[in-house]
Amino acid sequence: MGDKPIWEQIGSSFIQHYYQLFDNDRTQLGAIYIDASCLTWEGQQFQGKAAIVEKLSSLPFQKIQHSITAQDHQPTPDSCIISMVVGQLKLL
């Protein structure tokens with residue numbers, strides 16, 4: 001992993017952490033979001049940490065497993081990282 005650009009290392013680490021939380025305890029995702037965060041889920045929009053965590057926690061499945069098949073991370077001019085993730089979901 002050390003030979004990859006820093007934005008790929010950060011992006012990959014974030015994706016691994018995010019989906020581990022999502023798969024095991026979605027209520028813990030609140031640590032990742034801030035009050036200015038936005039989420040669109042199947043056309044519904046949610047803004048703020050509390051609204052996002054409430055939505056993710058209320059999804060109709062208890063256990064899910066993400067299987068990431070591809071991910072791509074790009075730096076932005078304002079020192080952020082955009083990540084694209086492709087994979088499969090498995091309800092347990």
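In this predicted model, the sulfur of C38 lies 14 Å from the closest cysteine sulfur, which belongs to C80, and this separation is too far for a bond. The relation holds from the other side as well, since the cysteine sulfur closest to that of C80 is the one in C38, again at 14 Å. Because a disulfide requires two cysteine sulfur atoms within 2.5 Å, the pair does not qualify, and the structure accordingly holds zero disulfides. With regard to solvent, C38 counts as exposed at 56% relative accessibility, whereas C80, with a relative accessible area of 40%, is partly exposed.

C80 also takes part in the lining of the second largest pocket, together with I10, G11, F14, S79, I81, I82 and S83. Two elements, α1 and β4, give two or more residues each to this lining. The volume of the second largest pocket is about 190 Å³, and its lining comprises five nonpolar and three polar residues, with no charged residue.

The largest pocket has a volume of about 460 Å³ and is lined by 20 residues, among which Y18, Y19, F22, Y33 and L39 lie nearest its centre. At least two lining residues are supplied by each of α1 (6-24), β1 (38-41), β3 (64-75) and β4 (81-91), and the greatest contribution, five residues, comes from α1. In terms of residue class, the lining of the largest pocket consists of 16 nonpolar and four polar residues, and no charged residue is found there.

Definitions and conventions. Residues numbered from 1 in each chain as written. Predicted model: local features only at pLDDT ≥ 70, side-chain atom pairs only at ≥ 80, totals over all residues. Heavy atoms only, no water. 1 Å grid on protein atoms, 1.4 Å probe; cavity = no way out; pocket = protein on both sides within 12 Å on 5 of 7 lines; lining within 4 Å. Points joined across faces, edges and corners; volume = space filled by probe spheres on them. Helix = DSSP H or I, 4+ residues; strand = E, 2+ residues; numbered from the N terminus. Nonpolar A, V, L, I, M, F, W, Y, C, P; charged D, E, K, R; others polar. Buried < 20%, exposed > 50% of the residue type's maximum accessible area, 1.4 Å probe, protein only.
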